[in-house]
Amino acid sequence: MKKRIMATILAISLTMICESYFVKADTYNLSNPLVSNNKTTWDCIYFGKYYQSNSNIKEPIKWRVLQVGGNQAFLLSDKILYRYEVKNEYLDKVTWETSSLRNWLNTDFYNNAFSSDEKNIIINSYIENKGFDWNVYSYEKDDFFKSDGGSNTYDKVFNLSIEEVNNKSFGFVSNDPDDNIFYSDTRYAEGTNYSGKREDNSWWLRTPGANNLPCVISEVAPKWAYYTTGDYYGVRPAIKINLNNEYWTKTGSVTLSHNYIEHKMNDLDIYNGESKTNQPDKSNSTNIKNKTEKKSNRGNVVVSTTSIKKIKAKKKTLTVKWKRVKGVTGYEIQYSLKQIFKNAKTRMIKKSSTTLLTIKKLKRRKKYYVRIRTYKRVDGKIYYSNWSKIKHKKTS
């Protein structure tokens with residue numbers, strides 16, 4: 001009889017504990033992402049401070065709540081807070097465990113963004129680091145596209161994985177007819193002034209891409225960095241915190257569409273590390289020598305555009321020829337089966353003198369859309385021109 005009474009008491013106690021865990025989040029007035037009417041809405045909070053308007057003052061960091069339960073919250077920064085360059089380390093197949101980006105997040109960023117008291121409420125999270133078979137996103141079926149995730153880790157600050165940006169419960173939802181979760185505005189994020197605003201707002205994941213080069217994600221599609229040096233992409237830190245404290249503040253919400261909306265920025269909106277009031281006078285002829293020449297102004301850096309001269313098609317092959325541009329570092333070419341460049345592939349050319357690229361292993365008798373832009377490296381940062389006009393050609 002006593003055993004039966006004790007078992008009943010234990011069962012009731014466990015039920016109360018479980019119920020309190022799942023409802024306690026309500027006391028913080030925070031909710032999981034709301035999916036409704038073709039949109040996702042995330043509750044947001046302020047926690048910690050980091051450079052955003054400029055490099056002189058730290059401002060509160062805005063985080064989206066990806067998941068909340070009990071007294072814990074899983075957070076992703078609302079904006080791209082930094083641009084990080086991939087180093088040659090990835091030639092040695094460095095995984096998330098030993099990557100310099102992981103080290104930067106858990107040292108430089110961690111120490112700059114959070115006070116001692118704030119650090120105490122950030123959870124040292126167990127992070128699963130899975131590999132990935134990128135053949136599911138590529139026409140070129142090869143072991144080259146299979147990656148090894150390496151060992152699991154414990155991190156205070158980390159990047160999301162490919163599985164996490166494919167998780168609808170975190171608010172990443174798509175209305176793509178092929179149910180392609182990657183083709184969605186729910187993953188769109190702008191950069192801060194400090195990180196540098198750009199048209200390409202792709203951001204790093206911790207999942208390795210092809211040949212273990214690190215992977216990036218955009219609102220359109222996942223991709224890996226094709227070159228190991230000079231690839232600057234955005235950083236959106238993720239953390240998990242204990243909510244039972246006074247160091248965070250709720251601040252409204254963010255709502256984004258399940259469709260993809262092309263976010264175009266005019267030249268005045270794109271700059272690196274300065275406020276708009278510090279932008280150069282575009283009417284000044286010392287900044288732009290020839291106003292009739294198509295150029296893209298990125299702050300104090302002028303990046304000339306280029307154009308596709310000709311595309312020649314053969315069996316499963318396209319050869320693209322473009323106009324040479326002096327004074328740039330190289331070219332970025334994108335091609336896709338869709339005119340809106342859904343699931344586009346990218347090729348980087350690191351010589352300004354090169355004006356020809358042959359793209360192999362394509363699908364037969366398919367129309368491919370192609371565009372190109374130039375880029376310039378200045379003081380360790382990459383600046384891009386606008387995209388050229390789109391041209392297309394059908395393979396034989």
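I will go through the cores of this predicted model, then one small sheet, then a strand pair and two loop residues.

Start with the nonpolar cores. The largest one has 55 residues. Inside this core, the residues with the most contacts are Ile45, Phe47, Phe109, Phe114, Leu160, Ile239 and Ile241. Helix H2, residues 100–113, supplies the largest share of the core, six residues. Apart from this core there is another, of 17 residues, and Ile311, Leu318, Ile349 and Tyr368 are among them. As background, nonpolar side chains in soluble globular proteins tend to be buried together.

Take Phe47 as an example from the 55-residue core. What is Phe47 in contact with, once neighbours within four places in sequence are left aside? The list is Ile61, Trp63, Phe114, Glu118, Ile121, Ile122, Ile239, Ile241, Tyr247 and Trp248. Three of those names, Phe114, Ile239 and Ile241, also came up a moment ago among the residues with the most contacts inside the core.

Now the sheet. It is open, has three strands in the order E18-E19-E22, and the pairing is antiparallel. Strand E18, 308–314, and strand E22, 356–359, are the edges, each pairing on one side only. On average, neighbouring strands here are turned by 15 degrees against each other, direction ignored. Between strand E19, residues 317–322, and E22 there are four bridges, in the antiparallel sense. If you want a position to look at, Thr319 stands opposite Thr358 in E22.

Next, strand E10, residues 203–208. This strand is mostly covered, with six of its six residues buried. E10 runs antiparallel to strand E11, residues 214–217, and three bridges join them. Trp203 has Ile217 in E11 as its bridge partner.

Last, the loop between E9 and E10, where I picked out Asn159 and Thr192. Is Thr192 buried or exposed? Its relative accessibility is 4%, so Thr192 counts as buried, the cut-off being under 20%. Not counting residues up to four places away in sequence, Thr192 touches Tyr51, Gln52, Lys79, Ile80, Leu81 and Lys197.

Asn159 is also buried, because its relative accessible area is 0%. With the residues up to four places away in sequence again not counted, Asn159 touches Trp96, Leu101, Leu105, Glu164, Trp204, Leu205, Arg206, Val235 and Arg236. Of these, Trp204, Leu205 and Arg206 fall within the residue range of strand E10, 203–208.

That is what I had to show.

Methods:
Residues numbered from 1 in each chain as written. Predicted model: local features only at pLDDT ≥ 70, side-chain atom pairs only at ≥ 80, totals over all residues. Heavy atoms only, no water. Core = buried A, V, L, I, M, F, W, Y, C linked by side-chain atoms within 4.5 Å. Buried < 20%, exposed > 50% of the residue type's maximum accessible area, 1.4 Å probe, protein only. Helix = DSSP H or I, 4+ residues; strand = E, 2+ residues; numbered from the N terminus. Contact = heavy atoms within 4.5 Å. Pairing = 2+ DSSP bridges. Axes fitted to C-alpha atoms, helices over the stretch in contact; angles between N-to-C directions.
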